[in-house]
Amino acid sequence: MGVVALTVAGAGGITGLRLYPVAKPVDPITLTGNVGAGAYLARASGCIACHTNVEGGGPPLAGGTGFETPFGTVFAANLTTDPEFGIGDWAIEDFAKAVRQGLSPEDVPYYPVFTYAFYQDFSDQQIADLWAAFQTVAPVNEPVPVTDLAFPFSERDGLKVWRAAFLHAPRTTPVSGQSDSWNRGRELVEGATHCAACHTERNIAGGRKVDTGRMQGNDVLPGGSKAPAITSAALVSSGWDVDSLSYALETGITPTGDAFGGGMGEVVQMGTRFLTQEDRLAMATYLMDQSDE
Amino acid sequence: MKFKTLTFAATIAVLATTAVAHKGAKGMLLERMNGMLAMGKATKAIAPMMRGLEDYDADRTSDYAAILQTHSGDPMLALFPDGMNAAPSVAKDAIWTNWKEFSALAVQLETYATALDLAAQNGLGNAAPANSSMMGGDMTGMMGADMIGMMGGTGVDEKTLETLAGLSVNTLFVQSVQVCSACHTKFRAEE
């Protein structure tokens, strides 16, 4: 359905869509951010991992990392304080709209390769923290390669249709009756650390099957890799428990003594190993008991 | 104590050789897989001690280091002849198109194993996670010095054996496994 809609939009409706408003107003954010908390959240959320071209030896957060999709390669943006090619001339409200809504300062939609869907519930304080941390990044005056997808996907306005069909709210709201740790784990797993971005199957239009495919694994990740199912039942049957899972998020060591590979090696190397012990334990606690539905 | 250690090593050896016909692999591929499996089994067995859940025993650390040494560096590389990745192998083609990096990781693991052996007597060290420093309270900005180190992958390339051998055993253990993971991330496909 999504592809059909997108194609229709591509064939005729794009001009109309350009005027179709999707942005929610962003109230002014005047809170003072905490750099340390922002860096921690940036690490947990993968901002640093995706926006640093480690492979190409690129400077931190200068973007340029390419993500293969069936429709072409999408390049991560330069997030340094450079005013020309980075986000140095942005206001915090622009940043908030990009991170929580996936929209540019001009309200043009970003491709969902950018995992903004998982950041929709970030609070104003969390946005202020991230913003403060990003202000400490040295400017890099270099553009990233231009993302050039096949038509109709080249038309970003077509993404408005995609958004209407596939932009789901993250399941981060606390569940009463569960422990603080479980709820913290839920917030991290379903939100910031975006485990479902890889571990949930996508439909033909790249939308996550949040009803039928939740954490059921994905055999066709960008670049041809596969992520196994990580529902509680699947984890139990592959020999995981809370302890081994939180240890794996710290070290990459699995219960059989193997070491994570694929995208998962990077998730640990560039993300979860920097979290606190409590946060990793919280994530494992939630993952082994995703019992609310 | 020595007896226990020998039993440990012997168990590992048995475990490794009983993995015959693993996934239907034969010959050199089977040997390659068994080498990896031996390191996996040894890592699983030693992890509780490295986490401080079992009493520290320097001999066990040395035995573990010996197993890694046996299966890393040149011995490991010898089992990856050009293009040998037909099923059931999950080795990626990138190994041979990027042999320089692949072989550097194999050698790096050997260096870590040697350092682990040298450091065995240093003791376990602080049980806190080896990598939490970057998020320590002294971090002044997103681009703290530790972070730059992180950006260079595992950040171990330039460290000499002497520097490494001065580290605590649990730090070295975690960093060794990061080498396994870094290699699996780039050069091993999922099943």
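Buried area is the accessible area (1.4 Å probe) that two parts lose on being put together, summed over both. You'll need that for the first exercise.

A few ground rules: this is a predicted model, where local features need pLDDT of at least 70, side-chain atom pairs count only at pLDDT 80 or more, and totals for chains, interfaces and linings use all residues. Residues are numbered from 1 along each chain as its sequence is written, chains are lettered from A and ligands numbered from 1 in the order in which they are written, and side-chain values use heavy atoms, with hydrogens and water left out.

**Exercise 1. Describe how domain 1 and domain 2 of chain A meet.**

Step 1: Find the two parts. The domain assignment, which is automatic or taken from a database, gives 25–140 + 155–166 for domain 1 of chain A and 180–287 for domain 2. Their C-alpha centres are 22 Å apart.

Step 2: Count who touches whom. With contact meaning heavy atoms within 4.5 Å, 18 residues of domain 1 of chain A meet 23 residues of domain 2 of chain A.

Step 3: Look at the area. The two domains of chain A bury about 1,700 Å² between them, and 64% of it is on carbon and sulfur atoms. On the domain 1 side, A:Y40, A:R43 and A:F118 supply 41% of the area buried against domain 2 of chain A, more than any other three residues.

Step 4: Check the polar side. A salt bridge needs a side-chain nitrogen of Lys or Arg within 4 Å of a carboxyl oxygen of Asp or Glu, and the count between these domains of chain A is zero. A polar contact is a pair of N or O atoms within 3.5 Å; within protein, one must be able to donate a hydrogen and the other to accept it, and residues adjacent in sequence count only if both atoms are side-chain atoms. Three residue pairs across the interface of domain 1 and domain 2 of chain A pass that rule, both residues being at pLDDT 80 or more.

Step 5: Name the elements. Helices (H or I, at least four residues) and strands (E, at least two) are DSSP runs, numbered from the N terminus. On the domain 1 side that touches domain 2 of chain A, α2 (35–45) and α6 (159–166) of chain A give two or more residues. The largest share, five residues, comes from α2(A).

**Exercise 2. Walk along α7(A) and see what comes just after it.**

Step 1: Get the length. Helix α7(A) has 13 residues and spans 17 Å from first C-alpha to last, close to the expected 18 Å. That expected span is 1.5 Å times one less than the number of residues.

Step 2: Sort the residues. Buried means under 20% relative accessible area, exposed over 50%, and partly exposed in between (1.4 Å probe, protein chains only). Among the buried residues of α7(A) are A:W182, A:L188 and A:V189. The cover over the buried residues of α7(A) includes α2 and α12 (277–287) of chain A.

Step 3: Step off the end. A:H194 sits in the loop between α7 (180–192) and α8 (196–199) of chain A, with a positive phi near 40 degrees. Is A:H194 buried or exposed? It counts as buried, because its relative accessibility is 17%.

**Exercise 3. Find the unusual backbone spots at A:M215 and B:P88.**

Step 1: Recall the background. Most residues other than glycine have a negative phi, and most peptide bonds are trans.

Step 2: Try A:M215. Its phi is positive, about 55 degrees, although it is not a glycine. A:M215 lies in the loop between α8 and α9 (232–237) of chain A and counts as buried because its relative accessibility is 0%. A:M215 is also one of the contacts of A:H199 beyond four places in sequence.

Step 3: Try B:P88. A cis peptide bond joins B:A87 and B:P88, with omega about 10 degrees. B:P88 is in the loop between α4 (73–78) and α5 (94–97) of chain B.

**Exercise 4. Sketch chain B, then zoom in on α3(B).**

Step 1: Take the overview. Chain B has nine helices and zero strands. Of its 191 residues, 46% are buried.

Step 2: Check the helix. Helix α3 of chain B (residues 58–71) has 14 residues and reaches 20 Å, close to the 20 Å expected. Its buried residues include B:Y64, B:I67 and B:L68.

Step 3: Look at both ends. At the start of α3(B), a side-chain oxygen of B:D57 comes to within 2.9 Å of the backbone nitrogen of B:D59. After α3(B) comes B:G73, whose phi is positive, near 55 degrees.
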